[in-house]
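Okay, thanks for coming, everyone. I'll put the structure up now and then walk you through it piece by piece.

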Amino acid sequence: MPAADTVQLLQAARAAQANAHAPYSRYPVGAALATPDGRVFAGCNVENAAYPSGTCAEAGAIAAMVAAGAREIADLVVVGNGPEPTTPCGDCRQRIREFATAATRVHAAGAQGVVRSFTVDELLPQSFGPGHLRPAP
Ligand SMILES: [Zn+2]
């Protein structure tokens with residue numbers, strides 16, 4: 001993905017982050033993903049007074065992608081406000097894995113922008129995925 005597209009994704013992630021519902025953690029997160037055909041979907045964390053009912057930014061972006069009929073992530077940016085770049089939590093690494101390919105890149109961003117980029121295999125090595133349930137013939 002060209003750098004300009006990563007910048008566009010970061011902008012979309014930050015726009016979603018601005019709408020995060022994070023009154024408990026006070027850690028608003030935004031995520032934006034691009035499909036191979038260039039469609040962009042964004043999400044933010046949506047916390048809940050019943051803590052486990054909250055959802056992550058990546059989950060919202062993936063749900064929007066799936067609802068629109070898309071099934072593959074080309075690039076995904078996650079952004080938070082902490083001193084370290086925000087990386088997906090363990091649950092979200094598995095969520096991303098479901099719709100990732102070897103070419104998928106996950107970009108961790110903080111206040112200074114995208115800091116590090118990863119393959120999904122780097123974030124979730126030896127992962128369980130759709131291929132385990134649908135072995136090649
Ligand atoms: Zn998460």
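Let me begin with the metal site, and with one residue in it. Is cysteine 92 buried or exposed? Cysteine 92 is buried, and its relative accessible area is 0%. Before I go on, please keep in mind that this is a predicted model, and everything I say is about that model.

So, what coordinates the zinc ion? Three sulfurs do: Cys56 (SG), Cys89 (SG) and Cys92 (SG), at 2.2 to 2.3 Å. If you're following along the chain, the spacing of those donors is C-x32-C-x2-C. Now look at where the two ends of that pattern sit. Cysteine 56 is in the loop between strand 2 (40–44) and helix 2 (57–67), while cysteine 92 belongs to helix 3 (residues 90–98), so this pair ties together parts that are 36 residues apart in sequence. I've told you that cysteine 92 is buried; cysteine 56, on the other hand, counts as partly exposed, at 26% relative accessibility.

Okay, stepping back to the fold. How many helices and strands does the protein have? There are five helices and five strands, and if you read them off along the sequence you get α-β-β-α-β-α-β-β-α-α. The radius of gyration is 14 Å, close to the 14 Å that the globule rule gives for 137 residues, so the protein is as compact as a globular protein of that length. For a feel of the dimensions, the C-alpha trace spans about 50 × 40 × 30 Å along its principal axes.

Some overall numbers while we're zoomed out. Of the 137 residues, 42% count as buried. If you take the contacts with a separation of 6 or more, residues 24 or more positions apart account for 60% of them. On the outside, the protein exposes about 7400 Å², and carbon and sulfur atoms supply 55% of that. As for charge, there are 10 positive and 11 negative ones, and their mean positions are 2 Å apart.

Let's zoom in on helix 2. Which of its residues are buried? The list is Ala57, Glu58, Ala59, Ala61, Ile62 and Met65, and yes, there's a glutamate among them. As a reminder, an α-helix has 3.6 residues a turn, so residues three or four places apart point the same way. And what covers those buried residues of helix 2? The cover includes strand 1 (30–34), strand 2, strand 3 (75–79) and helix 3. So helix 3 turns up twice in this talk: it is part of that cover, and it holds cysteine 92.

Not every residue of helix 2 is tucked away, though. Alanine 63 lies in this helix, and it is partly exposed, with a relative accessible area of 44%. From alanine 63 to arginine 95 there are 32 residues along the chain, and their C-alpha atoms are separated by 10.0 Å. Just after helix 2, glycine 69 takes a positive phi of about 95°.

Now back to the loop ahead of helix 2, the one between strand 2 and helix 2. Glycine 54 is located there, and at 29% relative accessibility it counts as partly exposed. Leaving aside neighbours within four places in sequence, what is glycine 54 in contact with? Val46, Glu47 and Asn48. Glutamate 72, by contrast, is 24 Å from glycine 54, C-alpha to C-alpha, with their positions 18 residues apart in sequence.

Alanine 50 has its place in that loop between strand 2 and helix 2 as well. Alanine 50 is partly exposed, at a relative accessible area of 40%. Take proline 36 as a reference point: it is 14 residues from alanine 50 along the chain, yet the two C-alpha atoms are separated by 36 Å.

Last stop, a couple of backbone oddities. Arginine 26 has a phi near 55°, a positive value in a residue other than glycine. You'll find arginine 26 in the loop between helix 1 (3–17) and strand 1, and it counts as exposed at 70% relative accessibility. Glutamine 126 also has a positive phi, about 55°, although it is not a glycine. Glutamine 126 sits in the loop between helix 4 (120–123) and helix 5 (130–133), and it is exposed, with a relative accessible area of 78%.

That's my tour, so over to you.

How values were computed. Residues are numbered from 1 along each chain as its sequence is written. This is a predicted model: local features need pLDDT of at least 70, side-chain atom pairs count only at pLDDT 80 or more; totals for chains, interfaces and linings use all residues. Side-chain values use heavy atoms; hydrogens and water are left out. Donors are N, O and S atoms within 2.8 Å of the metal (3.2 Å for Na, K and Ca); water is not among the atoms, so sites may look incomplete. Helices (H or I, at least four residues) and strands (E, at least two) are DSSP runs, numbered from the N terminus. Buried means under 20% relative accessible area, exposed over 50%, partly exposed in between (1.4 Å probe, protein chains only). The radius of gyration is taken over C-alpha atoms; the globule rule is 2.2 Å times the number of residues to the power 0.38. Contact means heavy atoms within 4.5 Å. Accessible areas come from the Shrake-Rupley method with a 1.4 Å probe; for residues, only the protein chains shown count as cover. Lys and Arg count as positive and Asp and Glu as negative; His and the chain ends are not counted. The place of a charge is taken as NZ of Lys, CZ of Arg, CG of Asp or CD of Glu.
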